[in-house]
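This briefing looks at a metal site and at the internal cavities of one protein chain. Please read it alongside the structure shown here.

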Amino acid sequence: MLVLTNARLFDGHTMLGGRHNVAVDGQTIAGIDRAIGAGDEVIDVDGMTLMPGLITGHFHPDFFRFIIEDGIEGRQQGKEMPPGVMMAIGVRNCGLLLENGFTGYLGASCTNDVDACLKIAIAEGIIKGPRLRACSPHINTTGDMNDARKWWQRHVTPGVDEFADGPDGLRKLVREHIRRGAETIKIFGSQGHAIPGRASRNMARDEIEMVVRTAHERNVIVRSHVCDREMIWENIELGVDILDHADEIDEACIEAMAKRGTAWVPSLFFLQQLIVCGFDEGSGYMQRIVDNIRKMLPIAQQADVKILMGDDYSGMLRGILGTDPLDHELGNYGREFANYGAIDGISAEDVLGWATRNPGTLLLDPPARTGVIAPGAKADLIVLDGDPLADLTIFTRPLEALKMVMLDGAMSIDRLPRQEKRTAA
Ligand SMILES: [Zn+2]
């Protein structure tokens, strides 16, 4: 058994007082504060913070050169490269997640089955990468907001967007993606979150109903890009598992989500960066959404809604900002933590739970567990030199602060004190 001793401990729920030991037996956590046995390997983490590995609830592994102006103009957005290139981007970004302290991601859509392929490559030991829940591409309907620009240029490269109509057509498409390894189906419930459309509705009620039923019958979850208030309500009612964005969320929606266990990824960082870039000038529309979400987050937290971290990292603002905070680069994912932690009524401990315990319940199908430090949970752990409760910006400095990343009980990054301190008792 491996025992990490003398740790300040965040267990996915709360920061426990004092110092603690965590024992790891193979791939799982054996317990907290168990007696150290003869032959155990002991690592003294010397008062550093031990916590579950971070899990992003919204990740596109293959976004790399997504140019926002091109999307608005209906041109190719850099998401239509050949499959091998998209996979190479995915391999790169998986490595980056580990280096940032992320041991897991929930896919939020990808091209060319990249999530499912990464999952195989990681399981086969071909590449290093986090634990992941594979997602489908965007599942859309003909002529919806993802199909409304320049029809004579519809992208034929496999991937970003796929289209079907009617419950039967969608059932077939959903089943096909489940066959190809998708463990999550991504639909576009409504327009919004800075993507305009002719109408708020993208998919008919009976179509959404069929997507959810078909996915759930195969033990697959559904996440929906949904922003309009009435569409949020309908998606909750129909049993969608994760709401992406939910710009116009209100207290009634929050109450319904708490009751049904619907998860929420506010992905505020994206809108904030668009505002910085001047995309909101004149209308103030995005600012109103940001204000609404900031107001609703503490209410949702109070109601015990499963809030998740994660955003649309893609490098899409590189051309405008030079250095894009939404680029897949070391330290960038950590910016969200401080950003959410600065909201009135949200504590640093809340934010840590959004990046560990909450997404952990969606990353693995029960009874398997991750995102918490508890007996029987997967040993996906990180060690930080510092106190994230005192300073959430610690996640923006992984090279300096991140001392260990353990995935499935195996060291992925080890910058802990030197070997001579590791004594067998
Ligand atoms: Zn997204």
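In this predicted model, the donors of the zinc ion are spaced along the chain as H-x1-H-x251-D. His60 sits in the loop between strand 6 (54-59) and helix 1 (68-73), while Asp312 sits in the loop between strand 15 (306-307) and helix 10 (318-321), so this pair ties together parts that are 252 residues apart in sequence.

**Zinc site**
- The zinc ion takes its protein donors from His58 through NE2, His60 through NE2 and Asp312 through OD, and these lie 2.0 to 2.1 Å from the ion.
- Of these donors, His60 and Asp312 are both buried.

**Cavities**
- The structure contains 3 cavities of 30 Å³ or more, and the largest cavity encloses about 60 Å³ of space.
- The lining of the largest cavity includes Thr56, His58, Phe59, Leu97 and Phe102, and His58 is also one of the zinc donors.
- Further along the chain, Met309, Gly310, Asp311, Tyr313, Tyr333, Glu336 and Phe337 also line the largest cavity.

**Make-up of the lining**
- Strand 6 and helix 11 (335-341) each supply at least two residues of the lining of the largest cavity, and strand 6 gives the largest share, with 3 residues.
- Sorted by class, the lining of the largest cavity comprises 7 nonpolar, 3 polar and 2 charged residues.

Note on methods:
Residues are numbered from 1 along each chain as its sequence is written. This is a predicted model: local features need pLDDT of at least 70, side-chain atom pairs count only at pLDDT 80 or more; totals for chains, interfaces and linings use all residues. Side-chain values use heavy atoms; hydrogens and water are left out. Donors are N, O and S atoms within 2.8 Å of the metal (3.2 Å for Na, K and Ca); water is not among the atoms, so sites may look incomplete. Helices (H or I, at least four residues) and strands (E, at least two) are DSSP runs, numbered from the N terminus. Buried means under 20% relative accessible area, exposed over 50%, partly exposed in between (1.4 Å probe, protein chains only). On a 1 Å grid over the protein atoms alone, a cavity is a set of points where a 1.4 Å probe fits but cannot get out, and a pocket is an open set with protein on both sides within 12 Å along at least five of seven lines; lining residues have an atom within 4 Å of a point. Grid points are joined across faces, edges and corners, and a volume is the space filled by probe spheres set on the points. Ala, Val, Leu, Ile, Met, Phe, Trp, Tyr, Cys and Pro count as nonpolar, Asp, Glu, Lys and Arg as charged, and the others, Gly among them, as polar.
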